[in-house]
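Reader: Hi! I have a new model open and would like to talk it through. Could you walk me through a few spots?

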Amino acid sequence: MTGLGDALGLDAQQQADLRLAVSEACTNVVMHAYEGRPVGLMEINASVDGHLLHVTASDRGPGVVPRPDSPGLGLGLPIISTVSDRFEVREGGDRAAAVRMTFVLGVDG
């Protein structure tokens, strides 16, 4: 994500926020999407729409379900919410779960 941030001219704080949000989304896939399965796909897509950067982390696991035995602290989505300008969790279609994070470009952090 650093290369993308550099290419888009993000300042240090914006780059740190982007890296943290994407890292948390990827960690959620690793920790939750394929529980009990040896492997699974993770896809990261980024696109720019005017002054908005959209980054989506998706998987093909069973979808977003409560996990009382969660191995993490449950802070991933709240962290993503804090450091991104907008985010949403989607389910359905050919991807079981997708976290879409939006960052406003060209604004000082």
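Reader: Which residue in the hairpin of β1 and β2 takes a positive phi?
Author: That's G50, with a phi near 65 degrees. Two residues lie between the strands of this hairpin. Keep in mind that the model is predicted.

Reader: Thanks! How many bridges join β1 to β2, and which way do the strands run?
Author: Eight bridges join them, and the strands run antiparallel. β1 covers residues 42–49, and β2 covers residues 52–59.

Reader: What stands opposite I44?
Author: A57 in β2 does. I44 itself belongs to strand β1.

Reader: Is I44 buried or exposed?
Author: In between: I44 counts as partly exposed because its relative accessibility is 33%, and the buried class stops under 20% while exposed starts over 50%.

Reader: Which nonpolar surface patch is I44 in?
Author: I44 shares a patch with M1, V30, M31 and M42, and together they have about 410 Å² of accessible area. α2 and β1 are the elements that give two or more residues to that patch.

Reader: Switching to the inside, which residues touch the most other members of the largest nonpolar core?
Author: L18, V55, M101 and F103 do, in a core of 15 residues. At least two residues each come from α2, β2, α3 and β4, and α2 supplies the largest share with five.

Reader: What is V55 in contact with?
Author: Leaving aside neighbours within four places in sequence, the contacts of V55 include L18, M101 and F103. I44 is also among them, so V55 touches that partly exposed residue as well.

How values were computed
Residues numbered from 1 in each chain as written. Predicted model: local features only at pLDDT ≥ 70, side-chain atom pairs only at ≥ 80, totals over all residues. Heavy atoms only, no water. Pairing = 2+ DSSP bridges. Helix = DSSP H or I, 4+ residues; strand = E, 2+ residues; numbered from the N terminus. Core = buried A, V, L, I, M, F, W, Y, C linked by side-chain atoms within 4.5 Å. Buried < 20%, exposed > 50% of the residue type's maximum accessible area, 1.4 Å probe, protein only. Contact = heavy atoms within 4.5 Å. Patch = residues over 30% accessible without salt bridge, like charges linked within 9 Å, V, L, I, M, F, W, Y side chains within 5 Å. Areas by Shrake-Rupley, 256 points an atom, 1.4 Å probe, with all protein chains shown as cover. Salt bridge = Lys/Arg side-chain N within 4 Å of Asp/Glu carboxyl O.
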